[in-house]
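Let's walk through this one together, strand by strand and then down to a few single residues. Have the viewer open and follow along.

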Amino acid sequence: MIKKTFLGLLALSVFAVSCSSDDDNNTSTTSDLTLNLQGLEALGSDYVYEGWIIVDGQPVSTGTFSSVAFPQTFPVNTEQLENATTFVLSIEPAVDPDPAPAATKLLAGDFSGNVANVNSDNIVVGSGSAVSSLGASTGKYILATPTDMDDTNESSGVWFLDNTNAPNLVPGLNLPTLADGWKYEGWVVFDGTPISTGTFTSAEAADDNATTSIFKGDAGSGPGYPGEDYLQNAPAGLTFPTDLKGRTVVISVEPYPDNSTAPFTLKPLAHMVPANAMDHTVIDMGDGPVETLMGSVTRN
């Protein structure tokens with residue numbers, strides 16, 4: 001009887017030690033990463049945002065999200081989070097077979113202590129760009145329709161060029177060089193409906209749809225600068241040719257590839273065409289509604 005009692009106590013002792021060991025092993029190995037970001041817009045069903053920390057020079061995912069309500073908190077491996085030097089936010093396909101970050105990186109910032117102050121200029125603007133921030137962008141444009149032979153509809157086209165010293169033309173836009181994964185796009189807003197003038201990466205060359213635009217006339221592709229003539233094939237509810245006076249002209253920064261027909265969040269330049277604007281005369285653009293996205297990322 002004594003022997004059985006002793007063996008029973010020994011078994012209980014081993015069980016207690018085992019439970020204690022299990023409790024130690026179950027100690028949390030994750031810490032919280034809290035994002036508090038401003039200005040993000042919903043991406044739709046095809047894309048999500050994904051956070052990344054840079055650990056020993058390598059990206060480590062902190063999770064994806066589609067809601068743009070903040071703050072949001074994510075569990076991250078404690079050791080990796082403690083050793084992280086930088087936070088990056090990218091735009092990724094919702095169904096993504098590639099575990100690496102996409103080229104469309106939107107926000108970035110280095111950790112100082114437990115906080116990383118992130119902004120779009122750190123990652124959207126290309127390294128070595130002569131213009132260091134989207135907020136430093138400037139722009140000029142003219143009203144003209146060089147792609148047809150009719151000189152009575154000149155207010156139906158917009159071209160981002162400076163013809164002050166015509167016939168010598170120079171670029172109308174002074175913009176940062178963008179990092180991979182991004183392009184510029186021009187727009188004219190017709191009664192709340194934005195219609196693209198085309199995407200481009202250089203203000204010194206024609207935009208990507210220069211030879212394929214359905215809106216231009218039939219007398220060529222226009223000058224070798226971004227711009228558009230709205231002369232034919234108007235979308236439903238609009239009539240071309242038109243008069244761009246009173247319309248808003250916008251330059252946005254777009255993810256590439258881009259599945260949306262609407263302007264992206266970043267819009268460094270915008271201007272309402274004056275009612276008294278003269279054709280073939282340079283007009284200055286103003287600051288756009290969203291020049292920079294920013295926020296803070298906290299580890300604890």
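Start at a turn: β6 and β7 make a hairpin with two residues between them, and Gly113 in that turn has a positive phi of about 70°. The strand names come from DSSP runs (E, at least two residues; helices are H or I, at least four), numbered from the N terminus. Before going on, a word on the ground rules: this is a predicted model, where local features need pLDDT of at least 70 and side-chain atom pairs count only at pLDDT 80 or more, while totals for chains, interfaces and linings use all residues. Residues are numbered from 1 along each chain as its sequence is written, and side-chain values use heavy atoms, with hydrogens and water left out.

Back to the hairpin. β6 and β7 (residues 115-119) run antiparallel and are joined by three bridges; two strands are called paired if DSSP finds at least two bridges between them. Ala108 has Asn119 of β7 as its bridge partner. β6 (residues 105-112) also pairs with β5 (residues 86-93), again in the antiparallel sense, over five bridges. There, Leu89 is matched with Leu107 of β6.

Now zoom out to the sheet that holds these strands. It is open and has eight strands, in the order β3-β2-β5-β6-β7-β20-β1-β4, with antiparallel pairing. At the edges stand β3 (58-65) and β4 (72-77), each with a single partner strand, so one side of each is left without a neighbour in the sheet. From one strand to the next the twist averages 25° (axes are lines fitted to C-alpha atoms, for helices over the stretch in contact, and angles run from 0 to 180 degrees between N-to-C directions). If you want the general picture, strands of a sheet pair through backbone hydrogen bonds, either parallel or antiparallel.

Look at the β20-β1 step in that order. β1 (residues 30-38) and β20 (residues 294-299) run antiparallel, joined by six bridges. One of the matched pairs is Leu33 with Arg299 in β20.

What does the record say about this part of the chain? UniProt, in an unreviewed entry, places "domain: Anti-sigma K factor RskA C-terminal" at residues 32-94. UniProt positions are in the numbering used here, feature names are shortened, and annotations may be inferred rather than shown by experiment. Over residues 32-94 the chain is 10% helix and 60% strand, with the end C-alpha atoms 24 Å apart.

Next, the packing. The largest nonpolar core has 57 residues, and those with the most contacts inside it are Leu37, Leu40, Ile53, Phe87 and Leu106. A nonpolar core here is a set of buried Ala, Val, Leu, Ile, Met, Phe, Trp, Tyr and Cys residues joined through side-chain atoms within 4.5 Å; buried means under 20% relative accessible area, exposed over 50%, and partly exposed in between (1.4 Å probe, protein chains only). Not counting residues up to four places away in sequence, Leu40 touches Tyr49, Phe65, Val68, Phe70, Leu89, Leu106, Leu107 and Leu293, where contact means heavy atoms within 4.5 Å. There is also a second, separate core of five residues, including Ala144, Trp159, Leu161 and Tyr225.

Two of those names turn up again around Pro223, in the loop between β14 and β15 (227-229). Leaving aside neighbours within four places in sequence, Pro223 is in contact with Pro146, Trp159, Leu161, Leu169 and Ala206. Pro226 sits in the loop between β14 and β15 too, and it counts as buried at 1% relative accessibility. Among the contacts of Pro226, beyond four places in sequence, are Trp159, Phe160, Phe200 and Ala206. Ile214 is another resident of the β14-β15 loop, and its C-alpha atom is 6.4 Å from that of Asn233, 19 residues apart along the chain.

Phe200 leads us to a second hairpin. β13 (residues 182-190) and β14 (residues 193-200) run antiparallel with seven bridges, and Tyr184 stands opposite Phe200 in β14. Two residues lie between the strands, and Asp191 takes a positive phi near 50°.

Last stop: is Thr145, in the loop between β8 (138-143) and β9 (157-159), buried or exposed? At 2% relative accessibility, Thr145 counts as buried. The side chain of Thr145 makes a polar contact with the side chain of Glu154 at 2.6 Å. A polar contact is a pair of N or O atoms within 3.5 Å; within protein, one must be able to donate a hydrogen and the other to accept it, and residues adjacent in sequence count only if both atoms are side-chain atoms. Beyond four places in sequence, the contacts of Thr145 include Asp150, Asn153, Asp229 and Leu231.
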